[in-house]
Amino acid sequence: MFAVLMLLGLCLQATAQAAPQTTKTTEPVVEITAPVGGWRDTQATPGEFLQEVTYPAASVNANRVGANPSALIAGRITHMASMAKAPSVKSPTRRDPARLVVNGVALPLEVHADGQFARPWSFGAGSQGVSVSTATGEGRQERRQVQFFEANGARARIRLRVVLSWDSDMTDLDLHVVSPDGQHVFYGNRVAPNGGALDVDVTTGFGPEIFAHPAPPPGLWQVYVNYYGAGDARDDLTVAQIAIIDNEGTLREKQQVRRVPMRKPGELTLVHTFQVNP
């Protein structure tokens with residue numbers, strides 16, 4: 001009997017040794033390296049909002065910001081370095097971006113082939129929230145969030161922000177904003193004398209293009225979207241989304257979202273008009 005038990009024990013030990021060992025990794029799928037959560041007191045730097053534009057293929061970039069932590073959103077999506085991004089719901093040959101949410105404003109986030117992402121963002125004073133999410137390829141969503149407080153009260157708040165994004169790759173939509181004093185900001189005139197500015201002209205799909213103004217003139221504002229071009233996808237319907245944020249970061253903050261179908265290149269659409277009070 002003792003010999004039988006010994007033999008059984010040896011068999012179980014051999015089976016355990018032969019079984020493959022699985023190691024769980026604790027590495028996050030989404031990693032946000034900037035901004036860092038907590039309290040900070042940073043200085044604004046000139047040009048932290050405007051991005052470089054290099055035609056014909058212009059996209060969101062942080063070339064002018066560098067490693068300045070006060071104006072940078074950056075990180076890495078781990079699984080994208082070792083597996084293909086999920087195909088677009090619109091076309092199996094195209095790819096969907098990740099999703100970035102800044103203080104409640106959702107926008108697409110371009111991720112490079114090595115999983116890295118970086119984009120400028122002009123943060124004002126006060127509490128700030130940043131989250132990044134992506135599909136893992138397994139039908140799940142992975143998400144990371146950072147909350148921090150900018151203690152430098154001298155950093156200007158963006159009183160008015162207009163964000164254009166769209167749902168198709170390799171298409172070119174353009175944001176046009178006309179202020180009450182007649183200033184027209186678009187890709188050909190990115191900085192207005194009254195203080196408004198457009199951060200970038202995206203020609204490679206999804207956007208976003210962001211207009212911002214620290215002290216918008218009161219009166220009637222107009223927002224247009226131009227379907228500039230679509231490459232080989234001229235017959236594909238593209239849906240533009242316009243988010244308008246007034247009094248950002250204050251108790252009077254107001255967000256409005258408009259979605260408009262853009263059917264063919266050359267189409268110019270008045271998406272929304274709104275009033276800015278003194």
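**Entry 1: E248 and its partner**

I began with E248, which is buried at a relative accessible area of 11%. A reminder to myself before going on: this is a predicted model. I then asked which residue E248 forms a salt bridge with. The partner is R161, and the closest N and O atoms are 2.9 Å apart. I looked up where the two sit: R161 belongs to strand β9 (residues 160-166), while E248 is in the loop between β15 (238-246) and β16 (254-262). The pair links distant parts of the chain, 87 residues apart. R161 is buried too, with a relative accessible area of 1%.

**Entry 2: other salt bridges**

How many salt bridges does the count come to? I noted five. One of them joins the side chains of D199 and R119, at 3.4 Å from N to O. D199 lies in the loop between β12 (197-198) and β13 (209-213) and R119 in strand β6 (residues 116-120), so this salt bridge ties together parts of the chain that are 80 residues apart in sequence. Are these two buried or exposed? D199 has 0% relative accessibility and counts as buried. R119 is buried as well, at 2%.

Next I looked at E142, which forms a salt bridge with R140. Here the closest N and O atoms are 2.6 Å apart. E142 counts as buried at 14% relative accessibility, whereas R140 is partly exposed at 40%.

**Entry 3: T42 in its loop**

I moved on to T42, which I found in the loop between β2 (38-40) and β3 (72-77). Although T42 is in a loop, it is buried, with a relative accessible area of 15%; the cut-off for buried is under 20%. What does the side chain of T42 make a polar contact with? I traced it to the side chain of E150, at 2.7 Å. Leaving out residues up to four places away in sequence, T42 touches S70, E150, N152 and R155. So E150 turns up twice in my notes on T42, in the polar contact and in the list of touching residues.

**Entry 4: strand β4 and its two partners**

I turned to strand β4 (residues 98-102) and found it mostly covered, with four of its five residues buried. Which way do β4 and β5 run relative to each other, parallel or antiparallel? They are antiparallel, and five bridges join them. In this pairing R99 stands opposite P108 of β5. The hairpin of β4 and β5 has two residues between the strands, and in it N103 takes a positive phi near 50°.

On to strand β7 (residues 126-135): four bridges join it to β4, and these two strands also run antiparallel. L100 is the residue of β4 that I found opposite V132 in β7.

**Entry 5: a closer look at P108**

I came back to P108, which is in strand β5 (residues 105-109). P108 is buried, with a relative accessible area of 13%. What is P108 in contact with, once its neighbours within four places in sequence are left aside? I listed P97, A98, S165, F206, G207 and P208. I also checked P108 against V132: they are 24 residues apart in sequence, and their C-alpha atoms are 9.7 Å apart in space. Each of these two has a counterpart in β4, R99 for P108 and L100 for V132.

Definitions and conventions
Residues numbered from 1 in each chain as written. Predicted model: local features only at pLDDT ≥ 70, side-chain atom pairs only at ≥ 80, totals over all residues. Heavy atoms only, no water. Buried < 20%, exposed > 50% of the residue type's maximum accessible area, 1.4 Å probe, protein only. Polar contact = N/O pair within 3.5 Å; in protein donor to acceptor, adjacent residues only side chain to side chain. Contact = heavy atoms within 4.5 Å. Salt bridge = Lys/Arg side-chain N within 4 Å of Asp/Glu carboxyl O. Pairing = 2+ DSSP bridges.
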